[in-house]
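Reader: Got a minute to go through this one with me? Put it up and start with the ligand, please.

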Amino acid sequence: METSPKNPVSLDILTALCKRRGFIFQSAEIYGGLNGFYDFGHLGVLLKNNLRQAWIRSLDNEKGEIVLMEGALIGPEAMWIASGHVENFHDPMVDCMECKHRFRADQINLDKACSNCGKKNWTEVRNFNMMLKTTIGASESSGSTGYLRPETAQAIFVNFKNVLSTARVKIPFGIAQIGKSFRNEITPRQFLFRMREFEQMEIEWFCKPQDAKEMFEFWRKKRLEFYYSLGISQDKLRLRSHEKDELSHYSSGTDDVEYNFPFGWKELEGIAHRKNFDLTQHSKHSGKDLSVFDESTKTSYVPDVVECSVGSDRLLLTLLFDSYREDTVEGETRNYFAFAPHVAPIKAGFFPLSKQLEEPMHKIYQNVRAVIPHVQFDLSGSIGKRYRRQDEIGTPFCFTYDFESEATQTVTVRERDTTRQHRIAIDQIIPFLQKALQPNTN
Ligand code: GAP
């Protein structure tokens, strides 16, 4: 056996693999697909759930409490005017007058010809608001305008007082949310990287203005540690500070956690110092006081906010890219995902060596399944084929019941990355898995 794992992954390899093995499908594919939208199959859902859980666990910190909330996906126009999104949430757009192809003007060189038709005949650059507008109410004419949220954050800001008065929290504290966001991206692309409907995991951390700098530093470090804990290659992660002209309308300083994708270093998470921009705006527009009272100074102030925002789908894509491996096993090329066991969608495979041994192994599988969800039983094909099937979806362990098993009350356990096998007592399978599936034990 030779093992020299490489990571020669491309976007095409990943997209095809994700479809073939039921992780991710193009949305509405049988109708020709909807650009920028994706549906998740069983394995994709399990993987995403594991990432959500890991993210929630990562909120725990020594500086203060973080509580969860889940806001509505649609907000009234007044809220999005206050937040600045109606006026400012746009990208520059340009069309080719020859072939009618549309581009984001900041992503192409307008001195060159159109990459689609080879001619050079551009329209003026215009600003395109990326929010998806809808009408709330029974009729178009009498309904009111709403927008699908382009970030989850605003639901947190408008609920700031509700949470403060009900959750028994004190500044500094955070409100965290996982939920869908929608952006009418001009050029959705690179699979899950830039979608029109995607999920965000956001923390809004409220603190005293004088502590914001220290908190910003704290979260920069803490968020990077989260990615390390998922097993993402440290040399492919970095922090990069935004230049002044890159900053969003609400930010006075942003650092991105970037990942080195096959298409270059790109943003994975944004960490922004939003100052008190949002609370002040909502206070002004709604007429409600969103300040807090400081007992020590007996004065009121509007807290500053440090925000950490990552897309679940973009994180899932990062993990797929980072974990993909190819090596040679017994003269054949195999591919696998080297997921950390706690994030792997399927935790273990259970194989009887032959049909005759199905019953005792099925019993073991049922016992394990009652304690550890998301394990699979597989009887079809050679053992080698069964291993490959599990490798390809990133299952960290496979147990095989063979002709020695009954007499010795043991099975073999085979580890995905090294393909090493050793025997383990049947009554040790559950404790073995419980230990191996703990976060950060790898
Ligand atoms: N509340 C701040 C905010 O929304 P952002 O940098 O626009 O900031 C935060 O987005 C994160 O959301 C990004 O770092 C990325 O992970 C994810 N994200 C943004 N737009 C996305 C898109 N079109 N498709 C997938 N993920 C996206």
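Author: Here we go. A polar backbone atom of Met195 is 2.8 Å from a nitrogen atom of the ligand. Keep in mind that this is a predicted model.

Reader: Which polar side-chain atom lies 2.5 Å from a nitrogen atom of the ligand?

Author: One from Glu151. Glu307 also places a polar side-chain atom by a ligand nitrogen, at 2.9 Å.

Reader: How much of the ligand does the protein bury?

Author: 92% of the 560 Å² that the ligand exposes when taken alone. The ligand sits in the largest pocket.

Reader: Which residues come nearest?

Author: Glu151, Arg183, Glu202, Glu267 and Leu268, out of 21 residues around the ligand.

Reader: And which strand gives the most to that shell?

Author: S14, with five residues. Strand S14 covers 264-275. Strands S11 (197-207) and S17 (304-311) each supply at least two shell residues as well.

Reader: New topic. What is the strand order in the open three-stranded sheet?

Author: S6-S5-S7, with antiparallel pairing. S6 (102-104) and S7 (126-129) are the edge strands. Each has a single partner strand, so one side of each lacks a neighbour in the sheet.

Reader: What does the twist average there?

Author: 45° from one strand to the next.

Reader: How many bridges pair S5 with S6?

Author: Three, in the antiparallel sense. S5 spans residues 90-95.

Reader: What stands opposite Arg102 in S6?

Author: Asp95.

Terms used
Residues numbered from 1 in each chain as written. Predicted model: local features only at pLDDT ≥ 70, side-chain atom pairs only at ≥ 80, totals over all residues. Heavy atoms only, no water. Pairing = 2+ DSSP bridges. Helix = DSSP H or I, 4+ residues; strand = E, 2+ residues; numbered from the N terminus. Axes fitted to C-alpha atoms, helices over the stretch in contact; angles between N-to-C directions. Near = heavy atom within 4 Å. Polar contact = N/O pair within 3.5 Å; in protein donor to acceptor, adjacent residues only side chain to side chain. Areas by Shrake-Rupley, 256 points an atom, 1.4 Å probe, with all protein chains shown as cover. 1 Å grid on protein atoms, 1.4 Å probe; cavity = no way out; pocket = protein on both sides within 12 Å on 5 of 7 lines; lining within 4 Å. Sits in = over half its atoms within 2 Å of the grid points.
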